[in-house]
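Here's a walk through one chain, starting from the inside and working outwards. Have the structure open while you read.

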Amino acid sequence: MSMAYEEYMRQLVQPMRDELVNAGFRELRTSEEVEQFMENVEGTTFVVVNSVCGCAAGLARPAATQAVLNSEKKPDHLVTVFAGQDREATAKMREYFVGIAPSSPSMALLKGKEVVHFIPREEIEFQSMEAVMENIMNAFEKYCD
């Protein structure tokens, strides 16, 4: 790929990254960062598999950030990987989603390393932002202390 293309893509996706980071999510950009985080994690973790698609922009990211902001019970950790941008990090995170087909955008709530709730793209697109947010908040209520 050309340097111009890589720079264009970096600039294009930066606001999409910032939306989650500004809401308290930690970006995991390499497979090593994912592995280090996951091998040492305790408690609950909310993972957003970010994407450049419209349902990520209009539904997934707003629902995730609003759920975290408005939920009484919250996960211990908030992390994100970016599908299509940080490919190795995304592939490594998906290794922890045992038995779950790759989907982006998607969201997972984990207790330790075990996925206890998963929201695939099919449960995001064509839904209202409020419905996706409610799905997330119900999982927080059920699994977070």
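Contact here means heavy atoms within 4.5 Å. Keep in mind that this is a predicted model.

**Inside the fold**

With that cut-off, and setting aside residues up to four places away in sequence, Phe25 touches Leu20, Phe46, Val48, Ala64, Val68, Leu78, Val79 and Thr80. Phe25 is also one of the best-connected members of the largest nonpolar core, which has 25 residues. Along with Phe25, the residues with the most contacts inside this core are Phe46, Met107, Ile124, Ile136 and Phe140. Four elements give two or more residues each: strand S2 (44-50), helix H3 (54-70), strand S4 (106-111) and helix H5 (129-143). H3 puts in the largest share, with eight residues. There's also a second, separate core of 17 residues, and Val41, Val47, Met93 and Ala108 are among its members.

One of the residues that Phe25 touches deserves its own look. Val79 sits in strand S3 (residues 77-82). Is Val79 buried or exposed? Its relative accessibility is just 1%, so Val79 counts as buried. Apart from neighbours within four places in sequence, Val79 is in contact with Phe25, Arg26, Leu28, Phe37, Thr45, Phe46, Val47, Val48 and Met93. Glu42 isn't on that list; C-alpha to C-alpha, Val79 and Glu42 are 13 Å apart in space, and 37 residues separate them in sequence.

Ser71 is another residue worth clicking on. It lies in the loop between H3 and S3. Buried means under 20% relative accessible area, and Ser71, at 6% relative accessibility, therefore makes the cut. Leaving out neighbours within four places in sequence, Ser71 is in contact with Met137 and Phe140. Phe140 is already familiar as one of the residues with the most contacts inside the largest core.

**The sheet**

Now for the strands. Five of them make an open sheet with the order S1-S3-S2-S4-S5, and the pairing is mixed. Strand S1 (26-27) and S5 are the edge strands, each pairing on one side only.

How much of S4 is covered? Most of it: five of its six residues are buried. S4 runs antiparallel to S2, with six bridges joining the two. S4 also pairs with strand S5 (residues 114-119), again in the antiparallel sense, over five bridges. Strands of a sheet pair through backbone hydrogen bonds, either parallel or antiparallel.

Here are some residues that face each other across these pairings:

| Residue | Stands opposite | Strand of the opposite residue |
|---|---|---|
| Phe46 | Leu109 | S4 |
| Ala108 | Phe118 | S5 |
| Lys111 | Glu114 | S5 |

Two of these names tie back to the cores: Phe46 is among the residues with the most contacts in the largest one, while Ala108 belongs to the second.

S4 and S5 form a hairpin with two residues between them. Gly112, in the turn, has a positive phi of about 65 degrees.

**Backbone oddities**

Where is there a cis peptide bond? Look at the link between Ser104 and Pro105, where omega is about -5 degrees. Pro105 lies in the loop between helix H4 (87-95) and S4.

On the other side of the hairpin, check Phe126, in the loop between S5 and H5. Phi of Phe126 is near 70 degrees, a positive value in a residue other than glycine. Phe126 has a relative accessible area of 79%, so it counts as exposed.

**The largest pocket**

Finally, the surface. The largest pocket has a volume of about 270 Å³. Its lining is made of 13 residues, with Glu6, Met9, Arg10, Gly84 and Gln85 lying nearest the centre. Which helix gives the largest share of the lining? That's helix H1 (residues 3-21), with seven residues. By type, the lining splits into six charged, four nonpolar and three polar residues.

Methods:
Residues are numbered from 1 along each chain as its sequence is written. This is a predicted model: local features need pLDDT of at least 70, side-chain atom pairs count only at pLDDT 80 or more; totals for chains, interfaces and linings use all residues. Side-chain values use heavy atoms; hydrogens and water are left out. A nonpolar core is a set of buried Ala, Val, Leu, Ile, Met, Phe, Trp, Tyr and Cys residues joined through side-chain atoms within 4.5 Å. Buried means under 20% relative accessible area, exposed over 50%, partly exposed in between (1.4 Å probe, protein chains only). On a 1 Å grid over the protein atoms alone, a cavity is a set of points where a 1.4 Å probe fits but cannot get out, and a pocket is an open set with protein on both sides within 12 Å along at least five of seven lines; lining residues have an atom within 4 Å of a point. Grid points are joined across faces, edges and corners, and a volume is the space filled by probe spheres set on the points. Ala, Val, Leu, Ile, Met, Phe, Trp, Tyr, Cys and Pro count as nonpolar, Asp, Glu, Lys and Arg as charged, and the others, Gly among them, as polar. Two strands pair if DSSP finds at least two bridges between them.
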